[in-house]
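Subject: Structure for your files

Hello,

Here is the structure I said I would pass on. My notes on it follow below.

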Amino acid sequence: MGFALPAAIGAKNRVSLTRKVWVVAGDGGFQMTAGGVVDRRAEELDLNIAVVNNGNLGMVPAVAGIFSNEKNYQSTPLLSPDFVKLDGGARDSRTRRRQTF
């Protein structure tokens with residue numbers, strides 16, 4: 001959790017400056033590494049970022065399912081910032097549909 005943005009920055013900066021690189025991350029994982037947005041702007045790296053904003057940490061029920069046979073999962077709700085404003089000047093193509101699990 002929280003690996004997509006740093007991995008994409010490394011891939012874009014060191015592997016291929018000409019190829020498109022996508023970051024696809026959940027809102028929890030993205031928030032863990034959101035400081036990488038500053039690096040992306042400073043290095044002027046052209047990254048495509050898609051944040052799945054479902055308002056929960058997805059690893060919590062996944063790990064609970066591994067260690068427990070019970071199905072009474074608890075979620076970890078998140079309050080997310082406006083990710084478009086966080087990136088400063090990003091193109092906003094978010095959808096308004098929200099689905100929680």
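A nonpolar core, as the term is used here, is a set of buried Ala, Val, Leu, Ile, Met, Phe, Trp, Tyr and Cys residues joined through side-chain atoms within 4.5 Å. This is a predicted model, and the largest such core in it has twelve residues: Leu-5, Ala-8, Ile-9, Val-21, Val-23, Ala-25, Phe-30, Ala-34, Val-37, Leu-45, Leu-47 and Phe-83. Two elements, α1 (4-15) and β1 (22-26), each give two or more residues to this core. The largest share, three residues, comes from α1.

On confidence: the mean pLDDT of the protein chain is 78, with 76% of its residues at 70 or more. Among the elements, β1 has the highest mean pLDDT, 90, and α4 the lowest, 71.

On the fold: the chain has five helices and two strands, arranged along the sequence as α-β-α-α-β-α-α. Of the contacts between residues at least 6 apart in sequence, 69% join residues at least 24 apart. Of the 101 residues in the chain, 26% are buried. The chain exposes about 7,500 Å², and carbon and sulfur atoms supply 54% of that area.

Two residues illustrate the packing. Ile-9, a member of the core, touches Gly-36, Asp-39, Arg-40, Leu-45 and Leu-47, when residues up to four places away in sequence are not counted. Of these, Leu-45 and Leu-47 are also listed in the core.

The other is Ile-49, found in strand β2 (residues 48-52). Its relative accessibility is 29%, so Ile-49 counts as partly exposed; a residue has to be under 20% to be buried. Leaving aside neighbours within four places in sequence, Ile-49 is in contact with Leu-5, Trp-22, Val-23, Phe-30 and Arg-40. Among these contacts, Leu-5, Val-23 and Phe-30 belong to the core. The C-alpha atoms of Ile-49 and Ala-25 are separated by 8.0 Å, with the two residues 24 apart along the chain.

On the surface: which residues form a nonpolar patch there? They are Met-59, Val-63, Ile-66 and Phe-67, which together have about 460 Å² of accessible area. Met-59 lies in helix α4 (residues 59-67) and counts as partly exposed because its relative accessibility is 44%. The confidence values bear on this region too, since α4 is the element with the lowest mean pLDDT, 71.

Regards

Methods: Residues are numbered from 1 along each chain as its sequence is written. This is a predicted model: local features need pLDDT of at least 70, side-chain atom pairs count only at pLDDT 80 or more; totals for chains, interfaces and linings use all residues. Side-chain values use heavy atoms; hydrogens and water are left out. Patches are made of residues with over 30% relative accessible area and no salt bridge: like charges are joined within 9 Å, nonpolar side chains (Val, Leu, Ile, Met, Phe, Trp, Tyr) within 5 Å. Accessible areas come from the Shrake-Rupley method with a 1.4 Å probe; for residues, only the protein chains shown count as cover. A salt bridge is a side-chain nitrogen of Lys or Arg within 4 Å of a carboxyl oxygen of Asp or Glu. Helices (H or I, at least four residues) and strands (E, at least two) are DSSP runs, numbered from the N terminus. Buried means under 20% relative accessible area, exposed over 50%, partly exposed in between (1.4 Å probe, protein chains only). Contact means heavy atoms within 4.5 Å. pLDDT is the predictor's confidence in each residue, from 0 to 100.
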